[in-house]
Amino acid sequence: MILFTLEHILTHISLSIVSIVITIYLMNLLVHEIVGLYDSSEKGMVAAFLCITGLLVIRWIYSGHLPLSDLYESLMFLSWSFYIIHMIPYFRNHKKNLNEITAPSAVFTQGFATSGLLTEMHQSTILVPALQSQWLMMHVSMMILSYAALLCGSLLSVALLVITFRNIFSKCKSNHLQMGAFSFVEIQYVNKISNVLQNNNLISFRNYHRYQLIQQLDCWSSRVISLGFLFLTVGILSGAVWANEAWGSYWNWDPKETWAFITWTIFAIYLHTRTNGNLQGSNSAIVASMGFFIIWICYFGVNLLGIGLHSYGSFALTSN
């Protein structure tokens, strides 16, 4: 009872801290950045990370297993994974690269997990027989970490596309062109223009700053997605071994397995486009943006259906 109460307190403390951090980020976007507030927000993220880490450890202690057995626990672990990704650039003194992506992702994920929709899952239950395996920690943790990394990388690609298309709109407006659908050729044209801007000594500061931002987003999205793809690959392979032990087959084309394979394929295509210089930038970002929606279908959408061999990970967890 004491541990459960402590877990409840840590949950709301961490959620409150991250909510304040989000408010500070929004203030910095709307007005000039205040150094003192920005440093406070970073310290707040560290404090929230420690709170949710303690929460997961406490739940692990009194449940007797890694807290990854249902949707509530996986959402809390997903939120914790966002904190991990946030901490990496923070301790490497690259504070502004991922903050605007990881902080909102952490608070929205944790906010949904602690909402009234998942109240019945807040109390830990006995694992179903299929989850009583040493592979639980390996498989599920790798999958959740991959979801967090791929979602962050995809959102960075979405931000890149927003800046790119905004640049196209501004060019069309300045030249009094009619608004229309942007073709694949136009996107390539913007990429070529960006490459020219790098070597142009007469470029304006505003365009150069935009070019640098696009390059940073492209670089960080590629790194984070590559890390997530590695986690996803390990997660799928370990899941196949676990499936063979539990069900006697490495692959059953279960809805969860099918969408995991689709997710893996989408980001394999993304990484392939990164090897072609002509397809980098906006073109590869479009693929990653598609992957953002595919991940949510794989992780959350399939659970809503409550069908297949992975149905025990949905909204209801039945203990035996």
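This text walks through the core, the cysteines, the salt bridges and the aromatic pairs of a predicted model.

Start with the nonpolar core. The largest one holds 69 residues. Leu 78, Tyr 83, Ile 144 and Tyr 147 have the most contacts inside it. Many helices feed this core. Those that give two or more residues are H1 (2-30), H2 (35-63), H3 (71-91), H4 (99-113), H5 (135-174), H7 (205-247), H8 (255-274) and H9 (282-305). Helix H5 gives the largest share, 16 residues. Where does this core lie relative to domain 1 and domain 2? Domain 1 covers 1-121, and domain 2 covers 131-173 + 199-319. Both give residues to the core, so it lies between them.

Now look at Tyr 83, one of the residues with the most contacts inside the core. Leaving aside residues up to four places away in sequence, Tyr 83 touches Ser 14, Val 18, Met 45, Ala 48, Phe 49, Ile 52, Ala 106 and Gln 110. Tyr 83 also belongs to a cluster of rings, where ring pairs link it with Phe 49, Phe 77 and Trp 80.

Stay with the rings. A pair of aromatic rings is described by the distance of the centres and the angle of the planes. The count here is nine aromatic pairs. Take Phe 49 and Trp 80. Their ring centres are 6.2 Å apart and their planes meet at 20°. An angle under 30 degrees counts as stacked, so this pair is stacked. Phe 49 sits in helix H2 and Trp 80 in helix H3, so the pair ties together parts that are 31 residues apart in sequence. Are these two residues buried or exposed? Both Phe 49 and Trp 80 are buried.

Trp 251 and Trp 253 make another pair. Here the centres are 5.6 Å apart and the planes stand at 80°. An angle over 60 degrees counts as edge-to-face, so that is the label for this pair. Trp 251 has 29% relative accessibility and counts as partly exposed. Trp 253 has 56% and counts as exposed.

Turn to the charged side chains. Side chains of opposite charge can pair when their charged atoms come close. How many salt bridges does a search of the whole structure find? It finds two.

One joins Arg 59 and Glu 73, with 2.7 Å from N to O. Arg 59 lies in helix H2 and Glu 73 in helix H3, so this salt bridge ties together parts that are 14 residues apart in sequence. Helices H2 and H3 are also the pair tied by the stacked rings of Phe 49 and Trp 80. Buried means under 20% relative accessible area. Arg 59 has 1% relative accessibility, so it counts as buried. Glu 73 is buried too, at 1%.

The other salt bridge joins Asp 218 and Arg 274. Their closest N and O atoms are 2.6 Å apart. This pair links distant parts of the chain, with Asp 218 in helix H7, Arg 274 in helix H8, and their positions 56 residues apart. Asp 218 is buried, with a relative accessible area of 9%. Arg 274 has 16% relative accessibility and also counts as buried.

Last come the cysteines. A disulfide is a covalent bond between the sulfur atoms of two cysteines. How many disulfides does the structure hold? The number is zero. Cys 51 has 13% relative accessibility, so it counts as buried. Cys 152 is buried as well, at 0%.

Technical notes
Residues numbered from 1 in each chain as written. Predicted model: local features only at pLDDT ≥ 70, side-chain atom pairs only at ≥ 80, totals over all residues. Heavy atoms only, no water. Core = buried A, V, L, I, M, F, W, Y, C linked by side-chain atoms within 4.5 Å. Buried < 20%, exposed > 50% of the residue type's maximum accessible area, 1.4 Å probe, protein only. Helix = DSSP H or I, 4+ residues; strand = E, 2+ residues; numbered from the N terminus. Domains from an automatic or database assignment. Contact = heavy atoms within 4.5 Å. Disulfide = S-S within 2.5 Å. Salt bridge = Lys/Arg side-chain N within 4 Å of Asp/Glu carboxyl O. Phe/Tyr/Trp six-rings, centres within 6.5 Å; stacked < 30°, edge-to-face > 60°.
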